[in-house]
Amino acid sequence: MAEPGIKMEWDQLSIETPELVAIDMPVAGIGSRFAALLVDYLIWAVAIIGIVVFISLVDPSLYHFSKLGAKWARALELLIPFLLYWGYFTLFEAFWDGRTPGKRVAKIRVIQRSGRGIGLFESMTRNLLRLVDQFPFIYVVGVISILVTRNHQRLGDLAAGTLVVHDRESASDLSSVSSSRTFTAGIFDQPVAQERRIAAPEIPAARVQNLSPGDLVVLEGFFARRLDFSMETRAALAQRIAAGIRVKAGLEVPPGMSTETFLEEVASQLRDLSRLG
């Protein structure tokens with residue numbers, strides 16, 4: 001499957017998904033990123049203070065690493081704060097859709113350059129270099145990098161292939177699909193939800209035959225990526241793909257059937273046709 005097209009204008013990222021829908025996302029600048037960082041630092045500091053107070057009340061002797069030797073004591077004194085700091089950003093971004101609490105407040109998030117959400121590897125990479133970005137103090141290196149790079153990336157973003165963008169949660173933020181675009185060819189087999197089987201007789205097979213293998217590529221691309229999108233974006237993409245199918249095949253979504261179920265049933269029949277053909 002072809003990679004989505006990406007166009008970058010200053011302060012604006014436009015990603016053309018495999019479903020042939022252009023999604024425009026404003027790239028986050030220094031102001032929103034620092035607002036998020038201040039919130040995160042506040043939360044992180046409160047958590048550290050809470051841990052210190054808890055240990056002091058439970059067993060203050062846990063602070064004393066001297067019995068391990070001076071070198072080990074010094075290493076642990078540096079390692080533990082680093083792991084807590086690095087782990088805070090890494091785990092939140094990896095498992096909370098590219099957001100930390102601060103980023104959620106500032107309505108920004110980290111994504112891959114392809115538009116997909118980031119995983120643990122990307123989060124680990126960009127946050128390992130956070131220490132370099134904040135050198136020598138208050139993110140001087142990171143600020144310079146954000147100012148001089150076209151995509152507003154700090155060094156951690158450049159290394160991980162990530163971008164920080166403003167959230168676009170509503171369906172109205174999606175660009176419309178150009179009617180002149182055509183589907184690309186190819187066949188991919190993906191499992192789909194079982195609920196589509198219930199409405200199978202309601203989709204006229206004769207009209208499904210008007211669709212091409214390329215249409216199946218678009219459908220499979222949507223099924224593979226739909227969990228990466230917010231519910232609003234996912235619904236908007238499904239509606240746009242269904243609109244293209246209605247135009248090409250003259251199909252309508254049967255009453256009582258959801259748009260995604262309709263797409264899944266059409267994809268199922270297209271797979272059957274491809275096997276027979």
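**Cavity, helix and a glutamate**

Colleague: Which element gives the most to the lining of the second largest cavity?

Modeller: That's α1, with five residues. Helices are DSSP runs of H or I with at least four residues, strands are E runs of at least two, both numbered from the N terminus. This is a predicted model, so local features need pLDDT of at least 70 and side-chain atom pairs pLDDT 80 or more, while totals for chains, interfaces and linings use all residues. Residues are numbered from 1 along each chain as its sequence is written, and side-chain values use heavy atoms, leaving out hydrogens and water.

Colleague: OK, how many cavities of 30 Å³ or more does the structure hold?

Modeller: Two. A cavity is a set of points on a 1 Å grid over the protein atoms alone where a 1.4 Å probe fits but cannot get out, and lining residues have an atom within 4 Å of a point. Volume is the space filled by probe spheres on points joined across faces, edges and corners.

Colleague: How much space lies in the second largest one?

Modeller: About 190 Å³. Of the 16 residues lining that second largest cavity, Arg33, Leu37, Arg130, Tyr139 and Arg154 are the closest to its centre. Two elements, α1 (30–58) and α6 (140–148), give two or more residues to the lining.

Colleague: And how do the residues of that lining divide?

Modeller: Nine are nonpolar, one is polar and six are charged. Nonpolar covers Ala, Val, Leu, Ile, Met, Phe, Trp, Tyr, Cys and Pro, charged covers Asp, Glu, Lys and Arg, and the others, Gly among them, are polar.

Colleague: Switching topic: where does glutamate 122 lie?

Modeller: In helix α4, residues 120–128.

Colleague: Why does glutamate 122 count as buried?

Modeller: Because its relative accessibility is 16%, and buried means under 20% relative accessible area with a 1.4 Å probe, protein chains only.

Colleague: Which residues does glutamate 122 touch?

Modeller: Gln112, Ala160 and Thr162, leaving out residues up to four places away in sequence. Contact means heavy atoms within 4.5 Å.

Colleague: What about α10, which of its residues are buried?

Modeller: The buried ones are Thr233, Arg234, Ala236, Leu237, Ala238, Ile241, Ala242, Ile245 and Ala249. The helix, residues 231–249, has 19 residues and reaches 27 Å from first C-alpha to last, close to the 27 Å expected at 1.5 Å a residue (1.5 Å times one less than the number of residues).

Colleague: What follows α10?

Modeller: Glycine 250, whose phi is positive, near 70°.

Colleague: And the whole chain, how many helices and strands are there?

Modeller: There are 11 helices and five strands, and 42% of the chain's 277 residues count as buried. For contacts between residues at least 6 apart in sequence, 70% join residues at least 24 apart.

Notes: Buried means under 20% relative accessible area, exposed over 50%, partly exposed in between (1.4 Å probe, protein chains only). On a 1 Å grid over the protein atoms alone, a cavity is a set of points where a 1.4 Å probe fits but cannot get out, and a pocket is an open set with protein on both sides within 12 Å along at least five of seven lines; lining residues have an atom within 4 Å of a point.
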